[in-house]
Amino acid sequence: MGVTMGAWGPGLFSDDTACDVRDEYREMLEDGLDDDEATQRMLGSYADTLDDPDEATSVWLALAVTQSKLGRLDPRVRERALAAIDSGADLARWSDNPRLSAKRRDVLNKARAQLTGPQPQRKKVRRPSRHVTDLQPGDVLSYRAANGNLTLLRVARIDDDRHSVAPVLVALDYTGTRLPPQPELDTLADKPETPFRLDGTPLPPWASASWRVATFKRIDYDTAGFERVGPTTARPGDKDFRTPTYTSWQLLPRELERNLTDAPATAEP
């Protein structure tokens, strides 16, 4: 008997379904739903999953533990989660691997202790702050590395999600020490990414050449060493640009420094 599809480890939330349940339930509370309505909506949303013996335990445990941590444990959910633990069906899914089965048993024991022990006070759940960038598609940012080399990144599009309105940046194929004149910005191609293997070897320069960059701890592009230097025209496919690397304005300079340290400068304009 195999482990449920979508599980990558024995941890309670090392499972796609469990993570989805946790995140969706919390988002409902952030949106102002009361406890009972949020619970009913979750059970309705996952009705088909709850009919699947291999998936139901993930739903009940994730929902019960998430509710417990927030001081909102619903007695009905608690009982179903405890019944799922006691049935032994969850451990049976890990029987092919004794080491992982032992770790999963510890996880279930901790979950049982949490659900049966004293519950925390009910916590307020507020919607997270949502930073909105003032960058626009077509803006070009420059970043000067410690060695004097300059790189240029264009805003291909703006991604709008629950947590932020953030730019997707694409590196332009230019490295120099001086900013090229405005007309040349439109002639610069996007920098190609360097192929690499996930075998533990160091990443080559420009393993990533596109990023979705979020503001974290109030550090934005202008306080992270980036300067808005001009516009460039939109390019075909920008709206459907490939999935970029997720990063923050704190971390992106470190990657650019690594990329630019040994990069030869292109011809100066």
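**Exercise 1. Place Ser68 in this predicted model, and say whether Ser68 is buried or exposed.**

Step 1. Find the element. Ser68 sits in helix α4.

Step 2. Check accessibility. The relative accessible area of Ser68 is 1%. The cut-off for buried is under 20%. Ser68 is therefore buried.

Step 3. List the neighbours. Leaving aside residues up to four places away in sequence, Ser68 touches Leu73, Gln114, Leu115, Gln119 and Pro120.

Step 4. Look for a polar partner. The side chains of Ser68 and Gln119 make a polar contact of 2.6 Å.

**Exercise 2. Work out which residues of helix α5 are buried and what covers them.**

Step 1. Set the frame. Helix α5 runs over residues 75–87 and has 13 residues. From first C-alpha to last, α5 reaches 18 Å, close to the 18 Å expected.

Step 2. Pick out the buried residues. In α5 these are Val77, Ala81, Leu82, Ala84 and Ile85.

Step 3. Look down the axis. The buried residues of α5 fall within an arc of 155 degrees, so they line one face of the helix.

Step 4. Turn to the other side. There, Pro75 and Asp86 are exposed.

Step 5. Name the cover. The buried residues of α5 are covered by elements including α2 (35–45), α4 (53–69) and α7 (98–116).

Step 6. Check what follows. Gly88 comes after α5, and the phi of Gly88 is positive, near 80 degrees.

**Exercise 3. Trace three salt bridges, among the 24 in the whole structure, and find what parts they tie together.**

Step 1. Recall the principle. Side chains of opposite charge can pair when their charged atoms come close.

Step 2. Take Arg127 and Asp31. Their closest N and O atoms are 2.1 Å apart. Arg127 lies in the loop between α7 and β1, and Asp31 in the loop between α1 and α2, so the pair ties together parts 96 residues apart in sequence. Asp31 is partly exposed, at 40% relative accessibility.

Step 3. Take Arg228 and Asp139. Their salt bridge spans 2.9 Å, N to O. Arg228 is in strand β6 and Asp139 in strand β2, so parts 89 residues apart in sequence are tied together. Arg228 is partly exposed at 37%, whereas Asp139 is buried at 12%.

Step 4. Take Arg212 and Asp159. The closest N and O atoms are 3.5 Å apart. Strand β5 holds Arg212 and strand β3 holds Asp159, so the pair ties together parts 53 residues apart in sequence. Arg212 is buried at 5%. Asp159 is buried at 15%.

Step 5. Look for shared partners. Salt bridges join Arg26, Glu30, Asp31, Arg127 and Arg162 into one network.

Key. Residues are numbered from 1 along each chain as its sequence is written. This is a predicted model: local features need pLDDT of at least 70, side-chain atom pairs count only at pLDDT 80 or more; totals for chains, interfaces and linings use all residues. Side-chain values use heavy atoms; hydrogens and water are left out. Helices (H or I, at least four residues) and strands (E, at least two) are DSSP runs, numbered from the N terminus. The expected span of a helix is 1.5 Å times one less than its number of residues. Buried means under 20% relative accessible area, exposed over 50%, partly exposed in between (1.4 Å probe, protein chains only). The arc is that of the directions from the helix axis to the C-beta atoms. Contact means heavy atoms within 4.5 Å. A polar contact is a pair of N or O atoms within 3.5 Å; within protein, one must be able to donate a hydrogen and the other to accept it, and residues adjacent in sequence count only if both atoms are side-chain atoms. A salt bridge is a side-chain nitrogen of Lys or Arg within 4 Å of a carboxyl oxygen of Asp or Glu.
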